[in-house]
Amino acid sequence: MRHIISILIENEAGALSRVAGLFSARGYNIESLTVAVTEDASLSRMTIVTSGSESIIEQINKQLNKLVDVVKVADITEGAHIERELMMVKVDAKEAASRDELQRLADIFKGRIVDVSDNIFTVELTGEGEKLDSFLKALNDVSIIETVRSGATGIARGKKALQV
């Protein structure tokens with residue numbers, strides 16, 4: 001089963017490496033990973049998407065809690081949460097028909113064209129992974145040059161928060 005694990009970690013050199021090393025040493029796969037500083041400059045929030053049985057996820061959580069740099073760990077898939085991903089897609093838009101179609105698709109999917117140069121459009125979309133996958137499928141006649149995805153990031157709904 002797919003899980004989103006949020007980690008508050010000390011914002012220090014090597015902290016990310018130690019978390020990634022924990023996963024690789026035990027043969028666990030990281031499907032996506034996002035890290036950024038929080039409102040407290042001494043802490044970063046790391047969001048890891050991984051898959052495994054309940055016992056494997058429990059083991060991952062226990063091992064993460066043992067790391068010195070880790071302040072707090074939460075599996076946010078256990079409760080109500082909001083999950084989003086960012087994607088940018090660079091497409092070939094030489095013909096007027098493909099430019100019009102691309103603008104229409106971007107509007108339908110609530111995306112926006114963030115760059116236009118030399119008949120190449122770059123579209124930015126945010127949303128759940130399934131929405132982004134659907135957008136890519138809808139680009140059936142448009143030539144995709146490059147796709148970049150951030151991976152999922154998430155936050156618990158309501159008053160529940162990952163705080164020290």
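The following exchange concerns the two largest pockets of this predicted model.

Trainee: What is the volume of the largest pocket?

Mentor: The lining of this pocket consists of 21 residues. Those closest to the centre of the largest pocket are Arg 45, Lys 160, Ala 161, Leu 162 and Gln 163. The space within the largest pocket comes to about 370 Å³.

Trainee: Which element gives the largest share of the lining of the largest pocket?

Mentor: Three elements give two or more residues to this lining: strand S3 (43-51), strand S4 (70-75) and strand S9 (153-156). The largest share amounts to three residues, and it comes from S4.

Trainee: How many residues of each class are in the lining of the largest pocket?

Mentor: Four residues of this lining are polar. The charged residues number seven, and the nonpolar residues number ten.

Trainee: Which residues lie nearest the centre of the second largest pocket?

Mentor: The second largest pocket has a volume of about 190 Å³. Its lining is made up of 13 residues. Nearest the centre are Arg 2, Glu 83, Glu 85, Gly 129 and Ala 152.

Trainee: Which element gives the most to the lining of the second largest pocket?

Mentor: At least two residues of this lining are supplied by each of strand S5 (81-92) and helix H4 (129-138). With three residues, the element that gives the most is S5.

Trainee: How many charged residues are in the lining of the second largest pocket?

Mentor: By class, two residues of this lining are nonpolar and four are polar. The number of charged residues in the lining of the second largest pocket is seven.

Notes. Residues are numbered from 1 along each chain as its sequence is written. This is a predicted model: local features need pLDDT of at least 70, side-chain atom pairs count only at pLDDT 80 or more; totals for chains, interfaces and linings use all residues. Side-chain values use heavy atoms; hydrogens and water are left out. On a 1 Å grid over the protein atoms alone, a cavity is a set of points where a 1.4 Å probe fits but cannot get out, and a pocket is an open set with protein on both sides within 12 Å along at least five of seven lines; lining residues have an atom within 4 Å of a point. Grid points are joined across faces, edges and corners, and a volume is the space filled by probe spheres set on the points. Helices (H or I, at least four residues) and strands (E, at least two) are DSSP runs, numbered from the N terminus. Ala, Val, Leu, Ile, Met, Phe, Trp, Tyr, Cys and Pro count as nonpolar, Asp, Glu, Lys and Arg as charged, and the others, Gly among them, as polar.
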